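Me: I've got a model open and would like to talk through how its pieces fit together. Can you take my questions one by one?

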Amino acid sequence: MEFKHKSVMLNEVIDALNIQPRGIYLDCTLGGGGHSLKIGEKLDSEGILIGIDRDEEAISAAREKLSSLRCRVEIVHGNFSELDKILDELQIDKIDGAIFDLGVSSHQIDTAARGFSYMHNAPLDMRMDRTKNFSAFDVINNYDEEKLVKIFSEYGEERFSKRIAKNIVGARKNSPIETTGELVKIIEKAVPKISDGGHPAKRVFQAVRIEVNHELEILSGAVNSAVKRLNFGGRIAIITFHSLEDRIIKNTFKTLAQGCICPKNFPVCVCGHKAEIKILGKAKTAAVEELNQNSRAKSAKLRIAEKII
């Protein structure tokens with residue numbers, strides 16, 4: 001299947017990064033290469049573009065899309081939590097900009113066999129990196145009821161977490177739950193028929209996907225690493241798609257942008273903490289024109305910061 005993914009807030013990201021022709025730019029979530037292509041087109045032969053992604057299908061698509069760029073292009077199959085190691089291996093100390101386009105790609109959702117969507121019946125998978133063994137099957141069939149409740153509540157903000165978890169544990173006593181279709185039926189039976197504008201399985205699938213791919217637990221550390229790698233005046237742009245990841249980014253930026261972090265009752269500063277970034281305005285949302293063409297941009301928020309030390 002052709003890798004199809006429409007990059008969200010593309011022009012806003014390019015403007016945010018303030019790209020310098022000879023700069024070094026890091027795309028931590030390469031995907032099909034949409035953001036990277038626009039970045040690379042602004043770089044000359046001395047510029048460097050680095051793309052990281054854990055999805056091998058994305059890597060393959062991006063290699064083809066970026067093949068005509070005149071700048072140096074480095075594409076790495078990996079996780080953005082390893083960005084320090086990746087940059088060290090490329091012998092790159094500092095960068096001039098970084099982009100994180102978080103969440104699941106359109107291609108991953110639309111490829112039924114990947115098991116990300118509650119609208120297609122497929123094996124329980126949801127792995128962004130299919131070289132890893134741990135999948136949605138393991139979460140649904142091996143986590144105890146208490147742990148299922150925890151991830152549905154925390155990562156899906158699902159108010160019927162206890163009922164859903166109980167039904168899952170009861171159903172798998174007879175035989176393993178192997179497909180997304182089986183899981184959807186269990187969820188539908190557990191959730192009262194209410195009109196809240198969304199499918200009853202939506203929040204559970206989000207929670208399981210986040211758990212499988214450790215999406216939230218690696219986020220703050222990766223952003224901190226990227227900021228430390230920025231040159232003075234370098235920019236970082238991050239697109240989030242739900243409140244959980246946006247809250248992490250907002251709080252991480254806030255901490256990086258403040259000076260002293262000592263308790264307020266301390267008479268003098270002893271922490272020595274200095275602000276590393278300046279937050280550039282409030283979170284941006286997609287323009288009406290983009291929303292009319294791409295419904296998946298509806299929940300997107302773009303946060304931008306600049307390195308100041």
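Me: Which strands do the buried residues of α3 pack against?
Reply: Quick ground rules: this is a predicted model, where local features need pLDDT of at least 70, side-chain atom pairs count only at pLDDT 80 or more, and totals for chains, interfaces and linings use all residues. Residues are numbered from 1 along each chain as its sequence is written, and side-chain values use heavy atoms, with hydrogens and water left out. Helices (H or I, at least four residues) and strands (E, at least two) are DSSP runs, numbered from the N terminus. With contact meaning heavy atoms within 4.5 Å, the buried residues of α3 pack against β2 (48-53) and β3 (72-77).

Me: And which residues of α3 are buried?
Reply: Buried means under 20% relative accessible area, exposed is over 50%, and partly exposed is in between (1.4 Å probe, protein chains only). In α3, which spans residues 56-65, that picks out Ala 58, Ile 59 and Ala 62. They sit on the same side of α3, because they cover an arc of only 100 degrees around the axis, going by the directions from the helix axis to the C-beta atoms.

Me: Which residue caps the N-terminal end of α3?
Reply: Look for a side-chain oxygen 2.9 Å from the backbone nitrogen of Glu 57. The residue that supplies this oxygen is Asp 55.

Me: How many bridges pair β2 with β3?
Reply: Two strands pair if DSSP finds at least two bridges between them. One example here is Ile 52, whose partner in β3 is Val 76. β2 and β3 run in the parallel sense, and together with α3 they form a right-handed β-α-β unit; right-handed means that, with the strands pointing away from the viewer, the path from the first strand over the helix to the second runs clockwise. The bridge count for β2 and β3 is six.

Me: Which helix joins β1 and β2 in a β-α-β unit?
Reply: β1 and β2 are parallel and share four bridges, with Tyr 25 partnered by Leu 49 in β2. The unit they belong to is right-handed as well, and its helix is α2.

Me: On β1, are the two faces covered or not, and which residues show this?
Reply: β1 also runs parallel to β4, joined by three bridges, and Leu 26 stands opposite Ala 98 in β4. As for the faces, both are covered. The buried residues are Ile 24 and Leu 26 on one side, and on the other Tyr 25 and Asp 27.

Me: What is the relative accessible area of Ser 36?
Reply: Ser 36 belongs to α2, where Gly 34, His 35, Ile 39 and Gly 40 are buried too. Not counting residues up to four places away in sequence, Ser 36 touches Asp 27, Leu 30, Leu 49, Leu 66 and Leu 69. Its relative accessible area is 0%.

Me: Which element gives the largest share of the largest nonpolar core?
Reply: A nonpolar core is a set of buried Ala, Val, Leu, Ile, Met, Phe, Trp, Tyr and Cys residues joined through side-chain atoms within 4.5 Å. The largest one has 34 residues, and Phe 152, Ile 164, Ile 168 and Val 208 touch the most other members. Two or more residues come from each of α6 (136-142), α7 (145-156), α8, α9 (180-190) and α10 (202-213). The largest share, six residues, comes from α10.

Me: Which side chain makes a polar contact with that of Ser 161?
Reply: Ser 161 is in α8 (residues 161-171) and is buried, at 2% relative accessible area. A polar contact is a pair of N or O atoms within 3.5 Å; within protein, one must be able to donate a hydrogen and the other to accept it, and residues adjacent in sequence count only if both atoms are side-chain atoms. At 3.1 Å, the partner of Ser 161 is Ser 153.

Me: How far apart are the C-alpha atoms of Phe 134 and Val 212?
Reply: Phe 134 lies in the loop between α5 (106-110) and α6, and it's partly exposed, at 28% relative accessibility. Val 212 is among the residues that Phe 134 touches, along with Arg 127, Val 139, Tyr 143 and Glu 211. Phe 134 and Val 212 are 78 residues apart along the chain, yet their C-alpha atoms are separated by 6.8 Å.
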